[in-house]
Amino acid sequence: MQPRNMSMSGVVDLAAVKSAQEAKAKAEQARAEAARQGGGAAGAAISPASLVIDVDEAGFELEVLQRSTEVPVVIDFWAEWCEPCKQLSPLLERLAQEYNGRFLLAKIDVDANQMLMQQFGVQGIPAVFAVVAGQALPLFQGAAPEAQIRQTLDQLIQVGEERFGLTGLVVDAGADAPGEQAPEAPEVPAGPHDALLEAAVQALDAGDLAGAVQAYKNVLSDDPANTEAKLGLAQAELLLRVQGLDAQVVRKDAADRPADVPAQIAAADLDLVGGHVEDAFGRLIDAVRRTAGDDRDAARVRLLELFEVVGGEDPRVTSARTALARVLF
C-alpha cells in the first residue's frame, strides 16, 4: 500500500521512459479483469453520492489505487481543526458532483491516517494530490481559487484520457434505487493509431529504441497532435541518445569543461534519465545563460526537448520555463 511515482510525468521517476504506455496497458488490463469478475468494471454505473468517499489506510489500495485504473482519483488531505479545509473540502465535493464522474474525490483525515500523510510527503493542509493509473502526483496546497482548481482538474482529466485511456465513471442518479439496474456502457472503439502505439511499446520492451522512435514518428506523421506519441517519441529519443554513453566520462567532461555546451547537453540527458530533473534543467539553463549564438540555441532546444520528456504539466517544467525566460529576455 505504498503511494508511488509522485510525478505527473511518470517517465523519469520510473527510470523507464515508457511508463505512460505501460500504465495505460495496466489500467486497461485491470478494467478488463474487473469486468470479467463482475464487479467494479469500468462503465458500471454508480450513484452521485459515491463520487465522494472517505478513505483510510486499510482501504487505500482498493479504493484509491485500484479505482485509479478507471478514473482519476483526487485526494483531499484534511483535518477537522483546519479552517482552510472547511472552505476547500466543500468546494471539491461540489466540483466532484458537477464533473459527474470525470474524477473521484477521496477524502483522507490526516489525524486518523498519519502514515498516508507521511507517504505522500504532505507538509501542510489542505493538500490535494491525485492518483492516475496507479501513479500519484501533487496538485496544489492551500485553499486555491475555484478557477485555478477547475483548470487543474481539467488538465488532470485530459492527461488521464490521453495518456492512460481513463474515460471516467458512468453516474446514474437512480443507481441506488431498488430494483434498477445500471445501464451498460457503450464499447469504446480502438483509436486509429493504437496498433502503431502498441508497436512502439513492444519495440521499447525489446530494446529496439530506433524502432520505437520510428513507430512514434509514424503516428505523428498522420496525427501531429497525438499527445501520447509526442511524449513517447521524446522519451525514446532520450534513451537512444544516452545508450552506450559512459556516464563517468560524460560527467567528468561536463565538470572539467563547464563552457562546453555539447558536454553539458550530454550530462543533462544523463541527469534526466537518472531522475535528477531539476539538475538537468538547471544545467541547461546555466548553459543558455553563459553562451551565445549556436551554442546558446543548442542548449535551449535540448532543454525544450527535455520539457517534452517530463511533460508540460509538471511543476518542475513550469519553474524551468520561467527561469529560461528570465535568462533569454
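Trainee: Where is Asn 100 placed?

Mentor: Asn 100 sits in the loop between helix 4 and strand 3 (104-109). Helices here are DSSP runs of H or I with at least four residues, strands are runs of E with at least two, and both are numbered from the N terminus. By the way, this is a predicted model, where local features need pLDDT of at least 70, side-chain atom pairs count only at pLDDT 80 or more, and totals for chains, interfaces and linings use all residues. Residues are numbered from 1 along each chain as its sequence is written, and side-chain values use heavy atoms, with hydrogens and water left out.

Trainee: Why is Asn 100 called partly exposed?

Mentor: Set its value against the cut-offs: buried is under 20% relative accessible area, exposed is over 50%, and partly exposed is in between (1.4 Å probe, protein chains only). Asn 100 has 45% relative accessibility, so it counts as partly exposed.

Trainee: And what makes Ala 133 buried?

Mentor: Its relative accessible area is 13%, so Ala 133 is buried. You'll find it in the loop between strand 4 and strand 5 (135-141).

Trainee: What is the phi of Asn 100, and what is the phi of Ala 133?

Mentor: Phi of Asn 100 is near 55°, and that of Ala 133 is about 50°. Both values are positive, and neither residue is a glycine. They're worth pointing out because most residues other than glycine have a negative phi, and most peptide bonds are trans. On that second point, look at the bond from Ile 125 to Pro 126: it's cis, with omega near 0°. Pro 126 belongs to the loop between helix 5 (114-119) and strand 4 (127-132).

Trainee: Why are helix 4 (residues 83-99) and helix 6 (residues 146-164) described as oblique?

Mentor: Their axes come within 12 Å and cross at roughly 45°. Under 35 degrees would count as roughly parallel, over 145 as roughly antiparallel and 65 to 115 as roughly perpendicular, with the rest oblique. That makes helix 4 oblique to helix 6. The contact (heavy atoms within 4.5 Å) includes Leu 88 and Tyr 99 of helix 4 and Ile 149 and Ile 157 of helix 6.

Trainee: Helix 9 (residues 227-242) and helix 11 (residues 261-273) cross too, so what are they called, oblique or perpendicular?

Mentor: Oblique again. Their axes come within 10 Å and cross at roughly 120°. Among the residues that meet are Leu 238 and Leu 239 in helix 9 and Leu 270 and Val 273 in helix 11.

Trainee: Helix 9 also holds Gln 235. Why does Gln 235 count as buried?

Mentor: Its relative accessibility is 0%, so Gln 235 counts as buried.

Trainee: How do you know that the span of helix 12 (residues 277-290) agrees with the expected one?

Mentor: The expected span is 1.5 Å times one less than the number of residues. For the 14 residues of helix 12 that gives 20 Å, and its end C-alpha atoms are 20 Å apart, which agrees.

Trainee: Which residues in helix 12 are buried?

Mentor: Val 277, Ala 280, Phe 281, Leu 284, Ile 285, Ala 287 and Val 288. They cover an arc of only 155° around the axis (taken from the directions from the axis to the C-beta atoms), which puts them on the same side of helix 12.

Conventions
Axes fitted to C-alpha atoms, helices over the stretch in contact; angles between N-to-C directions.
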